[in-house]
Amino acid sequence: MTPSPLSPATCPVLVVKVGSALLVAPEGKVRREWLASLVADIAARIKAGQRIVIVSSGAIALGARRLGLPKGGRASLEDAQASAATGQIALSQCWAELLGEHGITAAQMLVTLDDLEDRRRFLNASATLRRLIALDVVPVINENDSVATEEIRFGDNDRLAARIAQAAGAGGVVLLSDVDGLYTANPKNDPDARLVENVARIDARIRSMADGGSASGMGSGGMLSKLEAARIATSAGAHLAIANGTHDHPLQRLDESGRCTVFTAGKQGKGRKLWLAGRMTVRGRIIVDAGAAEALAKGSSLLPAGATAIEGRFTRGDVIEVANGSGEIIARGLSEYDAADAARIIGLRSDAIAPVLGYAPRSALVHRDQMVLL
């Protein structure tokens, strides 16, 4: 049998994401027996030579119970932040104790969106993760919800796990969920829904199979967030699996059954382009015609002649998206112009730009060296 792309034999570093609904019972207590079974699976993989990074939700749910706050600590931003601060220490202690029983050292890292969207801070986080992995330590990572606000949040740990995989140089991500994977329709509403076992490209057909929302009401991620996580991970060269984590020993069960949805990775970029592919925030968008879209696919820079519209407010050096006429995002890169000047020169040939701007123009709206295809 061909080894799974997520097995120790083929994936030296694996990110495992654990959601709130799996880790915390409805009454707000850690499902310790289940978690112990997952840690046993993790220990077995480490013994087989794989290195594991854990992305763990659950701090808000745990803290809300300890503080007696309504709505699972999500009644207000202040409640969520207080719950996260209280619950995170209990969550980390639980992971450290259970991993320690197997002789495994745990480390805690709390990050915000800005820590991975800012290039320098991303490199710092990446260096820390890779050093911990080299020291045979298991990093346990969560979003720093005690300080994050709506404007600077990942919003769910699915996408955080994908970005952490990129920073850690992981070859795979497993999102443990309450379903077996992506279905052709919502299996709770459609008895004829079928599990999609492999996805090579996330297109409109695949997106139409997902719906938003968290079934448990405890977490923040639904299938749409998992598709976005898959896009980030596969763009960074990491396979991503959505698998059922509701049973004991979920990773062992995944190895034995193979039942999941695997999104296969694309060709891995390097350095700045890899970081660009995984970014979640952009300042604007340039719409291009069919000819420009075809040229970009062949490795060309984006010239003004192929642009048809400018959206958003951005300055030179900001990260922007490039979309085709159907609205599909086909690339992401660093703008060579601010939005106002870009809007003045769209559709113009190179020799017609200088008279419009009044200065010697740069060769492209987005240069190919500062752009990654999606």
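This note goes through the overall form, the cores and one helix of a predicted model.

1. Basis. The model is predicted, so local features need pLDDT of at least 70 and side-chain atom pairs count only at pLDDT 80 or more, while totals for chains, interfaces and linings use all residues. Residues are numbered from 1 along each chain as its sequence is written, and side-chain values use heavy atoms, with hydrogens and water left out.

2. Overall form. The C-alpha trace of the protein chain spans about 70 × 50 × 45 Å along its principal axes. Its radius of gyration (over C-alpha atoms) is 22 Å, which agrees with the value near 21 Å for a compact globule of 374 residues (the globule rule is 2.2 Å times the number of residues to the power 0.38).

3. Domains. The assignment gives domain 1 (13-268) and domain 2 (273-373); such bounds come from an automatic or database domain assignment. Their centres, taken over C-alpha atoms, are separated by 34 Å.

4. Secondary structure and contacts. The protein chain has 14 helices and 13 strands (DSSP runs numbered from the N terminus: helices H or I, at least four residues; strands E, at least two). Of the contacts (heavy atoms within 4.5 Å) between residues at least 6 apart in sequence, 73% join residues at least 24 apart.

5. Burial and surface. Buried residues account for 51% of the 374 (buried is under 20% relative accessible area, exposed over 50%, partly exposed in between; 1.4 Å probe, protein chains only). The exposed area is about 16800 Å², with 49% of it from carbon and sulfur atoms (Shrake-Rupley method, 1.4 Å probe; for residues, only the protein chains shown count as cover).

6. Largest nonpolar core. This core has 43 residues, and Val15, Ile141, Ile164, Leu240 and Phe263 have the most contacts inside it (a core is a set of buried Ala, Val, Leu, Ile, Met, Phe, Trp, Tyr and Cys residues joined through side-chain atoms within 4.5 Å). Elements giving two or more residues include strand 1 (13-18), helix 7 (157-168) and strand 7 (239-244). Helix 7 supplies the largest share, 7 residues. Apart from this core lies another of 36 residues, among them Val16, Trp34, Ile52 and Cys260.

7. Leu240. Beyond its neighbours within four places in sequence, Leu240 contacts Val173, Leu175, Ala229, Ala230, Ala233, Thr261, Val262 and Phe263.

8. Helix 10. Pro250, Leu251 and Leu254 are buried in this helix (residues 250-257). The buried residues fall within an arc of 100° seen down the axis, so they line one face of helix 10 (the arc is that of the directions from the helix axis to the C-beta atoms). They pack against strand 1, helix 2 (32-47), strand 5 and strand 7. Gly258, just after helix 10, has a positive phi of about 70°.
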